[in-house]
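Biologist: I've got a model open on my screen and I'd like to learn how to read it. Could you walk me through it, feature by feature?

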Amino acid sequence: MTDEWSMDAADGELLLGTGVRGRAARMGHRLTIAMTRWHATVSWAGSEPTAVQLVVETDSFEVLRGEGGVKGLSGPEKTLVRSNALKSLDAGRFPEIRYAARAIDKTGDGYRLTGQLEVRGKSRDHVIELRTEDLGDKWRMSTESTVRQTDYGVKPYSLLMGSVQVADDVSVSFTAIHAKDA
């Protein structure tokens with residue numbers, strides 16, 4: 001077993017999902033967003049992980065699709081969504097989103113990572129339930145988690161005087177595959 005694993009977007013995907021709320025919520029789109037530039041490292045002591053770090057480039061935000069709404073999400077609308085999100089995240093001032101696990105506990109189907117999530121320069125405790133699956137010569141890792149934007153000083157985007165708002169809770173899903181002998 002190697003002492004450290006390194007993974008990036010070539011090994012998996014990091015997706016965000018947003019909801020819509022407000023009086024005119026049915027006019028808004030539930031978005032699926034890919035974070036396309038990220039790097040994760042896992043440090044090992046023997047066969048047990050001892051540290052996990054994830055760094056995501058804030059401006060690697062790519063709107064994949066929007067569901068719902070009055071009409072489909074066009075290319076220019078995707079560009080506008082990206083621009084508004086990068087402003088909300090203050091990507092110029094805070095170019096990275098980070099997660100560092102300070103405790104890793106084995107569970108029945110993987111590991112519980114307890115650590116700090118930093119968004120927009122604000123850190124908070126965050127627990128991740130990471131599932132692992134043995135694929136023979138590879139491991140598949142996956143998780144789903146929820147992050148509340150306002151916990152990190154991010155004001156959810158709204159329009160039409162607040163009648164359509166991005167929901168405060170954002171779902172985060174991560175899946176990656178790593179070769180056992182890499």
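**Reading the model together**

Modeller: Happy to. Let's begin with burial: buried residues make up 39% of the 182 residues in this protein. Keep in mind that this is a predicted model.

Biologist: Which secondary structure elements should I look for, and how many of each are there?

Modeller: You'll find 1 helix and 14 strands. With a radius of gyration of 18 Å, close to the 16 Å that the globule rule gives for 182 residues, the protein is as compact as a globular protein of that length. Along the principal axes, the C-alpha atoms fill a box of roughly 55 × 30 × 30 Å.

Biologist: What share of the contacts joins residues 24 or more positions apart?

Modeller: Count the contacts with a separation of 6 or more, and 58% of them are between residues 24 or more positions apart.

Biologist: And the surface: how much is exposed, and what do carbon and sulfur atoms supply?

Modeller: About 10,100 Å² is exposed, with carbon and sulfur atoms supplying 51% of that area. As for charge, there are 24 positive and 26 negative side chains, and the centres of the two sets lie 10 Å apart.

Biologist: Let's go inside. Which residues have the most contacts in the largest nonpolar core?

Modeller: That core has 39 residues, and Leu14, Trp38 and Leu113 are the ones with the most contacts inside it. Click on tryptophan 38 and look around. Leaving out residues up to four places away in sequence, its contacts include Met7, Ala9, Leu14, Leu54, Val56 and Phe174. Polar company turns up too: Asp8 and Glu13 are among the residues tryptophan 38 touches.

Biologist: How do I read burial for a single residue? Say, is glycine 115 buried or exposed?

Modeller: Look at the relative accessible area; under 20% means buried. Glycine 115 has 0% relative accessibility, so it counts as buried. It sits in strand β9, residues 110-119. Setting aside neighbours within four places in sequence, glycine 115 is in contact with Tyr99, Ala100, Ala101 and Arg102, and also with Arg124, Asp125 and His126.

Biologist: Where is threonine 18, and what does it touch?

Modeller: Threonine 18 is in the loop between β2 (12-17) and β3 (20-21). Its relative accessible area is 14%, so threonine 18 is buried. Beyond its neighbours within four places in sequence, threonine 18 is in contact with His29, Arg30, Leu31, Ile33, Val166 and Val170. Three of those names come back when you visit glycine 66 in strand β7 (residues 61-68): glycine 66 touches His29, Arg30 and Leu31, along with Leu73, again not counting residues up to four places away.

Biologist: Now backbone angles. What is the general idea with phi?

Modeller: Most residues other than glycine have a negative phi. Here, aspartate 90 has a positive phi of about 50 degrees although it is not a glycine. Aspartate 90 belongs to the loop between α1 (75-88) and β8 (96-107), and is partly exposed at 23% relative accessible area.

Biologist: Arginine 120 is on my list as well. What is its phi, and where is it found?

Modeller: Arginine 120 has a positive phi of about 55 degrees, and it is not a glycine either. It lies in the loop between β9 and β10 (122-134). With 28% relative accessibility, arginine 120 counts as partly exposed.

Biologist: Last one: how do I compare separation in sequence with separation in space? What about aspartate 137 and lysine 180?

Modeller: Put the two numbers side by side. Aspartate 137 and lysine 180 are 43 residues apart along the chain, while their C-alpha atoms are separated by 5.6 Å. Aspartate 137 lies in the loop between β10 and β11 (138-148), whereas lysine 180 is in the segment after β14 (169-179). The contacts fit that picture: aspartate 137 touches Ala179 and Lys180, apart from residues up to four places away. Seen from the other side, lysine 180 touches Asp134, Gly136, Asp137, Lys138 and Trp139. Lysine 180 is partly exposed, with a relative accessible area of 28%.

Biologist: And a pair to set against that one?

Modeller: Try lysine 180 and serine 142: they are 38 residues apart in sequence and 16 Å apart in space, C-alpha to C-alpha. For another, glycine 66 and valine 147 are 81 residues apart along the chain, with 19 Å between their C-alpha atoms.

Key
Residues numbered from 1 in each chain as written. Predicted model: local features only at pLDDT ≥ 70, side-chain atom pairs only at ≥ 80, totals over all residues. Heavy atoms only, no water. Helix = DSSP H or I, 4+ residues; strand = E, 2+ residues; numbered from the N terminus. Rg over C-alpha atoms; globule rule 2.2 N^0.38 Å. Buried < 20%, exposed > 50% of the residue type's maximum accessible area, 1.4 Å probe, protein only. Contact = heavy atoms within 4.5 Å. Areas by Shrake-Rupley, 256 points an atom, 1.4 Å probe, with all protein chains shown as cover. Lys, Arg positive; Asp, Glu negative; His and termini not counted. Charge placed at Lys NZ, Arg CZ, Asp CG, Glu CD. Core = buried A, V, L, I, M, F, W, Y, C linked by side-chain atoms within 4.5 Å.
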